[in-house]
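Visitor: Please choose one part of this model and take me through it closely. I should like to know how it is held by its neighbours and what surrounds it.

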Amino acid sequence: MQHNQVLSNTDIVVLAGGLGTRIQPVLGDVPKLLAPIGGRTYLDYLCDWLQGFGATRMILSLGHQAHRIVEYISLNPRAELVIDTVIEDEPRGTAGALRLVRPAVTSEIALVMNGDSWIGADLGEFVKASAAQPVPASLLCVQVEDAGRYGRIEIDEAGRILRFEEKNPNAGPGLINAGVYVFRTEAWDIIDNLTGPSLERDVFQALAPSTLAAYDAGNVPFIDIGTPESLGRAAAIIGQNTAQGETS
């Protein structure tokens, strides 16, 4: 059952062009979007999750093993969800991939996400809250016990991002970037006008403090399937939350 239809007019860009080197010992040549989790692919769970918020159009930014994902999509069409693809001819990094994807984006506000992260957050609320913020982009953030693994985010009282802290094993609990963003047109312009391959390092961290907004989703389930250990835990976390979403 769908939570709402708030994403029905929002293009969703999924960044999935990476080589997946950390997970390669487990997956081999299988791209991360097709990683098997509990008898299904990660892409199937991802589509279910997004359609639960009314999503109707997804744009996959692909590179490594793109042909396998394109073939899977063609053999497994989904009702009421259009899946388009933009394929890199060479690795460009996250910012480079977004420059290539931009012409395919048609909605005024777009949801952009890393293709290997799962967050049990209300994406509809995130988009609605972000639309009310007069900033180029908003970042979905989650509270974790070990923020040092990811790099902590420091925000001000208005929810604007003051700075991105580097990874630090002694950081303790804190707020981190969960890899899901709301982009306005200005965000695409900023990316186009900057050079460098990394969205996080070369774009976000290059902006003046308080340019970006943080949406604190709280202590919700969060997993990055990019490592063998986290992929092994994914079935319990993703499967459980998908089941909750379908019956809510």
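Guide: Two strands are said to pair if DSSP finds at least two bridges between them. A small example shows the term in use. Strand 9 (residues 153–155) and strand 10 (residues 161–164) run antiparallel and are joined by 3 bridges. In one of these pairings, Ile-155 has Ile-161 of strand 10 as its bridge partner. The two strands form a hairpin with 5 residues between them, and Gly-159 in the turn has a positive phi of about 85°.

The part chosen for a close look is strand 6, in what is a predicted model. Strand 6 covers residues 110–114, and 5 of its 5 residues are buried. Ala-110, Val-112 and Asn-114 point one way, Leu-111 and Met-113 point the other way, and all of them are buried. This follows a general pattern: in a regular strand, side chains alternate between the two faces of the sheet.

The partners of strand 6 come next. Strand 1 (residues 11–16) pairs with strand 6 in the parallel sense, over 5 bridges. Within this pairing, Val-13 stands opposite Val-112, and Ile-12 has Leu-111 as its bridge partner. Strand 11 (residues 174–183) runs antiparallel to strand 6, and 4 bridges join the two. Val-112 has a partner here as well, namely Tyr-181 in strand 11.

These pairings belong to a wider arrangement. Strand 6 is part of an open sheet of 7 strands, ordered 5-4-1-6-11-8-12, in which the pairing is mixed. At the edges stand strand 5 and strand 12 (213–216); each has a single partner strand, so one side of each is left without a neighbour in the sheet. On average, and with direction ignored, neighbouring strands of this sheet are turned by 30° against each other.

Helix 4 packs on the sheet and touches strand 6, along with strand 1, strand 4, strand 5 and strand 11; the direction of helix 4 makes about 140° with that of strand 1. Helix 4 (residues 93–101) also meets another helix: its axis and that of helix 6 (residues 185–193) come within 10 Å and cross at roughly 115°. The crossing of the two is left-handed. Ala-95, Leu-98 and Arg-99 of helix 4 are in contact with Trp-188, Ile-191 and Asp-192 of helix 6. By character, the residues of this contact divide into 4 nonpolar, no polar and 2 charged.

The residues of strand 6 also lead into the interior. Leu-111 and Met-113 are among the residues with the most contacts inside the largest nonpolar core, which has 51 residues; Leu-60, Ile-119 and Leu-123 are the others named in that group. Helix 2 gives this core its largest share, 7 residues. Apart from it lies another core, of 28 residues, whose members include Val-13, Ala-95, Ala-97 and Ile-161.

Helix 2 (residues 42–51) is itself mostly covered, with 9 of its 10 residues buried. Among these buried residues are Tyr-42, Leu-46 and Trp-49. Trp-49 is also touched by Ile-119, whose contacts beyond four places in sequence include Leu-140, Val-142, Ala-178 and Phe-222 as well.

Some loops around the sheet complete the picture. Gln-65 lies in the loop between strand 4 (57–62) and helix 3 (66–75), and its phi is near 55°, a positive value in a residue other than glycine. Glu-80, in the loop between helix 3 and strand 5 (82–87), likewise has a positive phi, near 65°. Their surroundings can be stated separately: Gln-65 is buried, with a relative accessible area of 16%, whereas Glu-80 is exposed, at 66%. Pro-169 is found in the loop between strand 10 and strand 11, and is exposed, with a relative accessible area of 74%. Pro-169 and Gly-148 are 21 residues apart in sequence, yet 4.9 Å apart in space, C-alpha to C-alpha.

Conventions:
Residues numbered from 1 in each chain as written. Predicted model: local features only at pLDDT ≥ 70, side-chain atom pairs only at ≥ 80, totals over all residues. Heavy atoms only, no water. Buried < 20%, exposed > 50% of the residue type's maximum accessible area, 1.4 Å probe, protein only. Helix = DSSP H or I, 4+ residues; strand = E, 2+ residues; numbered from the N terminus. Core = buried A, V, L, I, M, F, W, Y, C linked by side-chain atoms within 4.5 Å. Contact = heavy atoms within 4.5 Å. Axes fitted to C-alpha atoms, helices over the stretch in contact; angles between N-to-C directions. Left-handed = near helix turned anticlockwise from the far one by under 90°. Nonpolar A, V, L, I, M, F, W, Y, C, P; charged D, E, K, R; others polar.
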